[in-house]
Amino acid sequence: MSTTGDHQRIPKSPHQPAGWTVSGLVVVVMCVFVGVYGLVGLLQDVVFQCPRSSVRVFGPTSGGFAGNMTGQQLMPKETITRSQEDTREISCAGKYVYLYDLPPAFNQKFVDDCRVDPPWVHICGALTNNGLGEPLVIDLVSSNDSSSFSNILLPRDAWYKTHQFTLDLYYHQRLKEYPCLTHDPDKAVLSYIPFYSALDLTLKLYNKSSLEKDRASQRLIGWLQSSRHWLRTGGHNHVLLFGRIIWDYTKGEFAADGWGNSLSKLTELQNVTKISIERAYYSQDQRAVPYPTSFHPYSDDQIVAWQRAVLSTRRDVLVVFAGAPRSKAPDMILVSSLRRQLMTQCSNSPRYCSLLSCNVVDCERSPHLLTQAFLKSVFCLQPRGDSATRKGVFDCLIAGSIPVFFSKYTAYRQYMWHLPHNGSSYSVFLDAKAVSNGTVNVIRELKRIPLSTIASMQQTINGFLPNILYSKPGSNLKTRDAFNITLQNLLDTFRQ
């Protein structure tokens, strides 16, 4: 038996007559019929642009011959798949995202290895539910009292003990669910690198050498450089989430010691767009996204219901400060003195100011106490902490309380995609030095603000509240949340 190319040549049977047979003619006629039908369909789609379903065709069915079967009903499976793909091409045009399939050592292994919290942070329990953390369980104050706080945080299964440094997991999961993912990186507008940088660094921050803190980042670069897509693009139109404040990733690349690691300083990542909960405002390659709060709705109705609850809640306190004193280290003198002055002024005006001491109450693991305090107050004080931004800003905003800022870098020059550009439309700004030295009394300044101005600010906050929420993964909301807004702005930027 001889072969030609990949096909075997089958010898003719000595009993098989030469020439055309009846069965052979039938096969030819059927092939011609199929070819003509396919040509008609092609002319419809390409030339006449008629819907395929409008064609009358005739063919054998289980009951004889169909009198009016549509072309869609007789289309082979391959054609249906192609049609669905064509529809997807139209709806996803300019929206395709390529999600790198990194080895688990760069993401999931960090989660799997986090069994016991390090002494400096409670985070392992917060890695459940795709980074939302454990569900928030609240003791019912009074199920019959509709005004009780327990009946405001509804639905209860939308509230979690969300840690501020778990957005790595959350963004990864949301992108896995994104309808316009593509396996073809050349088709993508945006390529996302799902490296869990925050979790990697958080677990090593205090007890590992500088070399060890940089190890995963260096290995990531090595892995990326083995990718044809990475080499072709040089990192352009790529996105990497830095789940902690950007300053935690700015150690010199070859420094023997120093705070954090050098991920943001790696020359190989200079073309990559970096998103984080706090950016260096002067860097063109960095964008800030909101800190996660504890509220993760999974329907549009839940968002609307929360907005109504926030607007209708009774606010008996003028202003609240939730925080703790800061170190008196040389680089924290202004921060420390400002916080000390705010706590003093608040304590001296108990009628107007409420103080929630986070060195007494575990504010991080008791988000319901924070939300309760913010729901009861008209204003919330937001001095900077270890860095310019605070998770408390967003805890305050989702409760409808008006933030009082003392630095323009706490919000105004950070969250350009998610907050109004006119800071005075939703917040109050006071000079930090004037407050620290006692020249300005915060309580007195806030009491001077007209009720009409307060009402306008509250309406503004209520209007953009969905912009700073992270909905529950798996939800199908029509309302755009913080993730949707971030992704849309990234796509718009790269398309330009």
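Hi everyone, let's start with one leucine: L342 sits in helix α10, which runs over residues 333-347. Before we go further, please keep in mind that this is a predicted model. Is L342 buried or exposed? Its relative accessibility is 1%, so L342 counts as buried. Leaving aside residues up to four places away in sequence, L342 touches L381, P383, F406, V435 and V442. There is also F321 to look at: L342 and F321 are 21 residues apart in sequence, and their C-alpha atoms are 7.9 Å apart in space.

Now let me zoom out to the whole chain. How many helices and strands does the chain have? The secondary structure comes to 16 helices and 14 strands. The chain has 496 residues, and 49% of them count as buried. If we take the contacts with a separation of 6 or more, residues 24 or more positions apart account for 71% of them. As for the outside, the chain exposes about 25400 Å², with carbon and sulfur atoms supplying 54% of that area.

Next stop, helix α9, which covers residues 300-312. We can do a little check here. With 13 residues at 1.5 Å a residue, α9 should span 18 Å; the C-alpha atoms at its ends are 19 Å apart, so the two agree. Which residues of α9 are buried? They are Q302, I303, W306, Q307 and V310. These buried residues cover an arc of only 140° around the axis, which means that they lie on the same side of α9. Turn to the other side of the helix, and you find D301, R308 and S312 exposed. And what covers the buried residues of α9? The cover includes three other helices: α11 at 367-376, α12 at 392-398 and α15 at 451-464.

Let's move on to a loop, the one between α4 (108-113) and α5 (167-176), where we find T166. T166 has a relative accessibility of 1%, so this threonine counts as buried. What does T166 touch, if we skip residues up to four places away in sequence? The answer is I123, A126, L127 and G131. T166 and L199 are 33 residues apart along the chain, yet 7.3 Å separates their C-alpha atoms.

Please stay in that loop with me, as two asparagines there deserve a look. N129 is found between α4 and α5, and N130 belongs to that loop too. The phi angle of N129 is near 55°, a positive value in a residue other than glycine. For N130, phi is near 60°, again positive in a residue that is not glycine. How much of them is accessible? N129 has 38% relative accessibility, so N129 counts as partly exposed. N130 has a relative accessible area of 33%, so N130 is partly exposed as well.

Finally, let's go to the surface. Which residues make the nonpolar surface patch of about 320 Å²? They are W247, Y281 and Y282. Of these, let me pick out Y281, which is found in the loop between strands β8 (273-276) and β9 (286-288). Y281 has 36% relative accessibility, so this tyrosine counts as partly exposed.

To recap our two loop examples, T166 is buried, whereas Y281 is partly exposed. And our opening residue, L342, is buried in this model. Thanks for listening, everyone!

Technical notes: Residues are numbered from 1 along each chain as its sequence is written. This is a predicted model: local features need pLDDT of at least 70, side-chain atom pairs count only at pLDDT 80 or more; totals for chains, interfaces and linings use all residues. Side-chain values use heavy atoms; hydrogens and water are left out. Helices (H or I, at least four residues) and strands (E, at least two) are DSSP runs, numbered from the N terminus. The expected span of a helix is 1.5 Å times one less than its number of residues. Buried means under 20% relative accessible area, exposed over 50%, partly exposed in between (1.4 Å probe, protein chains only). The arc is that of the directions from the helix axis to the C-beta atoms. Contact means heavy atoms within 4.5 Å. Accessible areas come from the Shrake-Rupley method with a 1.4 Å probe; for residues, only the protein chains shown count as cover. Patches are made of residues with over 30% relative accessible area and no salt bridge: like charges are joined within 9 Å, nonpolar side chains (Val, Leu, Ile, Met, Phe, Trp, Tyr) within 5 Å. A salt bridge is a side-chain nitrogen of Lys or Arg within 4 Å of a carboxyl oxygen of Asp or Glu.
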